Structure formats: structure tokens, C-alpha cells
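Please look over the chain shown here. The report takes its fold, its strand pairing, its backbone exceptions and its interior in turn.

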Amino acid sequence: MLLPASLALSAAPSADVSTPSDLPGLYGWGLGLEVPSLGAGSGFGESSNLGVGFTFGGALDYHVSSNASVRLLIHYSETFAGEANAQFDVAAGGRDNEDFDAEYFAVQAAIGGRYAFQSERSWAPYIGADIGLAFGGFDYNFGEDPQGLRAFDGNSAFESCEGTECRSGINDSAQTTWTAGLRGGLQFDLAAWLRGAVEISVDYLPFNAEAISNTVDVRDVTSAEEALILIRANYIARFGL
């Protein structure tokens, strides 16, 4: 028996064009903004101690699957009550070195990825890695400067002062380097468009011996060549589409 055309059309299966994506986010697009990323930072080097400080930043991420994502990030870290080694020429000849109070600072820009061990739960552990560039170093505090390293106005056998540069009071070893890091944490879904996470990251940053600004030229005052390990504990909010 032939069915009426209207019944035959209604009985035929239709494609579901509104099936939602399994990617995270309000619309299932998998695109998200990680901001803010706030926390505390510390670390150590071969001859330096970073002290303790703060860290903040953000990232743009994209989920290639429900478990895996890639991201582009930028982060700033600054610490206080640290120590850094400086090396310098002495009048008797040769070089000497000394540890000084110092503050660490760095801006990091990197790309990375992560994998979450996702299940039916609203929370999941994850691991990730990043690689990129950093600009930073130590801001030295020479105190009373008994070694006579800071550039200054006046008559001195070690004088090297031009214009206002020697009066800036900033003695830093800022430079550009590469960085690589590992991270792990726990993410938890708060809404379809909002996810939170707590994370521990460990970054590796190799620094060359760099001239310390506003110091006496003939003393050749430089930072130590060393690798730094930066450890951060962050809370991250992710707003997803």
C-alpha cells in the first residue's frame, strides 16, 4: 500500500543538524580566554635565589578535541627578597664576585599544549608543556656599595658616568632568552562557559652573563651565567565559546 506523500516524508529519518559539539565552551567552538591567571612565584638558580613574589597573565586557547588543547600565552613574574650573584673586575687585577640583594622580573611569551584526563566528572587533572621567549633578569641592590660598582658623578679612578644614566638608580641585568616549562593541575567546570583551574608550573630559563646597567664601565660588572628555575602556583579562570 502506498502512503500519502506527506506521511512518507514525515516518516523518513532526518539528519540532526543541531547536534552540539563536545568541545568545551558556551557554543561548543572550543575557543577560550584564560584570564586572569594569578598566583605566587618563587625559584632558584645555580648561584641565585629568586625569593618569593607574584605572577599574572593570560592565554588564548583552542581545544582540538575534548581532551587536548593548544594555547598562546603571556605572563609576568616578579619576586622580592631574593639574591643574585654579580661578577666584577678588581683594582688589583682579576675578577671577583659577590651575592647582592636582588629582585627577579620577567615577561614570558610562549606557545604550548595540554591534555586533560577528561571523564564524565565535572573535574579533571591535566598536564601540559610550553616553550617560548622571555625578557627579564635581576634588579640589583648594591646597598652602601662598598665595592664601588655603581656609576656616579664625581672624581674617581673608576668613574664612568654620562648624562643622567648613572643617576637612574636602576642596576639590572635584563636580557632576552628562551624558556621551556611543564605544568600540571586540576580543572573544574563551573558553567558551560566558565572553567576554573589550579595549576603548578615549572619553567627553565637559561641566562647569559649580562652587563648590569648603570655600573662603572672599567669594572665590567655582569650578572652570573646560570640557569633559573621558576616555580609558579596559579589560579586560572577560562571563559569559553
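What follows is a short description of this predicted model, beginning with the overall make-up.

Because the model is predicted, local features need pLDDT of at least 70, side-chain atom pairs count only at pLDDT 80 or more, and totals for chains, interfaces and linings use all residues. Residues are numbered from 1 along each chain as its sequence is written, and side-chain values use heavy atoms, with hydrogens and water left out.

**Overall make-up**

The protein chain has 1 helix and 10 strands; these are DSSP runs numbered from the N terminus, with helices (H or I) of at least four residues and strands (E) of at least two. Read from the N terminus, the order is α-β-β-β-β-β-β-β-β-β-β. The chain holds 241 residues, of which 42% count as buried. Here buried means under 20% relative accessible area, exposed over 50%, and partly exposed in between (1.4 Å probe, protein chains only). The accessible surface of the chain is about 12800 Å², and 63% of that area belongs to carbon and sulfur atoms; areas come from the Shrake-Rupley method with a 1.4 Å probe, and for residues only the protein chains shown count as cover. Among contacts (heavy atoms within 4.5 Å) between residues at least 6 apart in sequence, 69% join residues at least 24 apart.

**Strand pairing**

Strand E3 (residues 68-80) pairs with strand E2 (residues 49-63) in the antiparallel sense and also runs antiparallel to strand E5 (residues 95-116). Two strands pair if DSSP finds at least two bridges between them. A hairpin of 4 residues joins E2 to E3.

| Strand pair | Bridges | Opposed residues |
|---|---|---|
| E2 and E3 | 12 bridges | phenylalanine 56 and tyrosine 76 |
| E3 and E5 | 11 bridges | serine 69 and arginine 114 |

**Backbone exceptions**

Most residues other than glycine have a negative phi, and most peptide bonds are trans. The peptide bond from valine 35 to proline 36 is cis, with omega near 0 degrees; proline 36 is found in strand E1 (residues 31-45). Asparagine 214 is not a glycine, yet has a positive phi of about 55 degrees. Aspartate 220, also not a glycine, has a positive phi of about 50 degrees. Asparagine 214 sits in the loop between strand E8 (194-207) and strand E9 (222-223), and aspartate 220 lies in the loop between E8 and E9. Asparagine 214 counts as buried because its relative accessibility is 10%, whereas aspartate 220 is partly exposed, with a relative accessible area of 38%.

**Interior**

Is aspartate 203 buried or exposed? This residue, placed in strand E8, counts as buried because its relative accessibility is 5%. Its side chain makes a polar contact of 3.1 Å with the side chain of arginine 232. A polar contact is a pair of N or O atoms within 3.5 Å; within protein, one must be able to donate a hydrogen and the other to accept it, and residues adjacent in sequence count only if both atoms are side-chain atoms. Not counting residues up to four places away in sequence, aspartate 203 touches eight residues by name: Gln108, Thr179, Ala180, Gly181, Leu228, Ile229, Leu230 and Arg232.

The largest nonpolar core has 19 residues, and Phe100, Tyr104, Phe138, Tyr140 and Phe142 touch the most other members. Strands E4 (82-89), E5, E6 (123-141), E8 and E10 (226-240) each give two or more residues to this core, and E5 gives the largest share, 4 residues. Such a core is a set of buried Ala, Val, Leu, Ile, Met, Phe, Trp, Tyr and Cys residues joined through side-chain atoms within 4.5 Å.
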